[in-house]
Amino acid sequence: MSSRSPLRIRTHSPLPARGLLVAGLAVALVLAGCSRKVERAESADAAAVEYVSTPDLPMAAQAPEANTENYAKIEPNPIHRTAEQPVSTFSIDVDTGSYANVRRMLAAGELPPKDAVRIEELVNYFDYGYPRPESKDVPFQVTTELAPAPWNSKRVLLQIGIQGYDVEREQLPPANLVLLADTSGSMDEPDKLPLLKRAFAQLLPQLRAQDRVSIVAYAGSAGLVLPPTPGDHGGEIMDALERLQAGGSTNGGEGIQLAYATARQAYIDGGINRVLLATDGDFNVGVANQQALETLVADQRKSGIALSTLGFGTGNYNDAMAERLADVGNGNHAYIDSALEAQKVLVEEMGSTLMTIAGDVKVQVEFNPATVAEYRLIGYENRLLKREDFNNDKVDAGEIGAGHDVTALYELALVGSGGEASDPLRYAKDEAPKPAGAVKPDELALLKLRYKRPGEDQSRLIESPLMRRDIAAQPGERMRFAAAVAGFGEMLRGGERLGPGFGWDGVIGLARNARGDDRNGYRGEFLQLAQTARSLQAKAPAGVAVAGGE
């Protein structure tokens, strides 16, 4: 093997072409058999590739560091026989961290571990243009679509879309934000603390005089870097950001406690009160046990202060920790892999990131065994709830932010369609005969949602039947693209749930034919990522685990 110095490649490209450049570089690296780091486009104003040589090093010194990234185990949802289990219940999820994290790995020429691929977060990264609610009396509008599944024409895909009402930036309530910055030694990498500073700097111009910003840093111990400061004091806030330096161990528990105390000090009645935890998740001193941290955050959310997490970095990223703390903190989780992603999360989607319009949102679908033989919920594996949890207002669930949209997909096999994956039980106990009117042969399912308005403890119920006559002959554009993203996730997790003959070509074909307006270039970028993933999987040795996958 040659001992030539490795090259580090830094890319810059216009926004619409950024996915093409990233994917092309990643494929080129795989073909060359080199180990190189590819950073995502970070500027929309230049198009150049800079090659930076590193000094020649002995081969032993070039050995890669051990990868200690941590992901929660995902067991794919099974296919359920409706006659045996007709009810499906889950909490909504507005997180998008998995998509940006998967993108980071693919751009670096690596296939992601299966457990890093949360399909619902991939799907929810994109805006599907659902109709918005007509008034704020009900904070969101529910849209459904039924059509043949693109990967199996004998099965039906059900798409459930929930669109929250939007709020103009100048109409957002006053915000009390506490940036909780991880400044431990593990954050001393270009894609960690320096990117964190650049990310938060993009939020500053959006803040107003009525807003308050505080900064808490934690390493071996936690400290207050900036007390509550008016949002229009951008220079003062930026100076505090620039003073942050990485070093020491990681006492995340102490940092969280100080951040909440600071948020309580500046608490705004009727306003937005939120802690933004920016970290690689590598807590190793103090309250480091994940259960203890979850308990701490769950206790604090009762005070009306939410916690969102912004993940950074590679090699030791604790995704499981960051995602879970956001869940129990009534917040959302995003992964920041570039300044462009920071702009999307903290500028373009500022309202949905910061302002909650509906809390504890739960979905329950009761399928009609007279018309639906089988169903499978695609994704949401770590958001499943017990049937009785749906009516229990003490059970925590997900939140929707202003302007957020949430998508869920079910795959169905109708009775007599020939698309069933399993046989009915031979010895199942027959149900008592029902009157003909109770069978409801025109209904596929009853869709129910529960949610709480901000500040309320009692949930409200929305329900709507799903009719067989609403099954379209072909899926529309939004369903085709959502199915392409879901298929992308399924392929990264092995593709066992997709029909024979539907592989990467099927995913790419669906995405290409459903790009729509794509004014931000996100769908075009996805298409390039799918092509990169196809190339990487084709070159992975048969039967060999890749990138931590099984």
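Biologist: Which strands form the open sheet, and in what order?

Modeller: Five strands, β4-β15-β17-β7-β6 in that order, form the open sheet, with antiparallel pairing. The edge strands are β4 (80–81) and β6 (140–149), because each pairs on one side only. This is a predicted model, in which local features need pLDDT of at least 70 and side-chain atom pairs pLDDT 80 or more, while totals for chains, interfaces and linings use all residues. Residues are numbered from 1 along each chain as its sequence is written, and side-chain values use heavy atoms, without hydrogens and water.

Biologist: What makes β4 and β15 a pair?

Modeller: Two strands pair if DSSP finds at least two bridges between them. β4 and β15 (residues 372–378) have 2 bridges in the antiparallel sense, so they count as paired. His80 stands opposite Tyr375 in β15. Strands of a sheet pair through backbone hydrogen bonds, either parallel or antiparallel.

Biologist: How do you know which strands α12 lies across?

Modeller: Contact means heavy atoms within 4.5 Å. α12 lies across β6, β7 (152–164), β15 and β17 (405–414). Its angle to β7 is about 105°, taken between N-to-C directions on a scale from 0 to 180 degrees, with axes fitted to C-alpha atoms, for helices over the stretch in contact.

Biologist: What span is expected for helix α12, and what does it reach?

Modeller: The expected span is 1.5 Å times one less than the number of residues. For the 16 residues of α12 (477–492) that is 22 Å, and the helix reaches 23 Å from its first C-alpha to its last, which is close. Helix α14 (residues 522–539), with 18 residues, reaches 26 Å against an expected 26 Å. Helices here are DSSP runs of H or I, at least four residues long, and strands are runs of E, at least two, numbered from the N terminus.

Biologist: Why is Ala445 called buried?

Modeller: Buried means under 20% relative accessible area, exposed means over 50%, and partly exposed lies in between, with a 1.4 Å probe and protein chains only. Ala445 has 3%, so it is buried. Ala445 is found in strand β18 (residues 443–452). Leaving out residues up to four places away in sequence, Ala445 touches Val365, Glu366, Phe367, Asn368, Ser464, Pro465 and Leu466.

Biologist: What makes α12 mostly covered?

Modeller: In α12, 13 of the 16 residues are buried. α14 is mostly covered too, with 13 of its 18 residues buried. Of the 550 residues of the protein chain, 53% count as buried.
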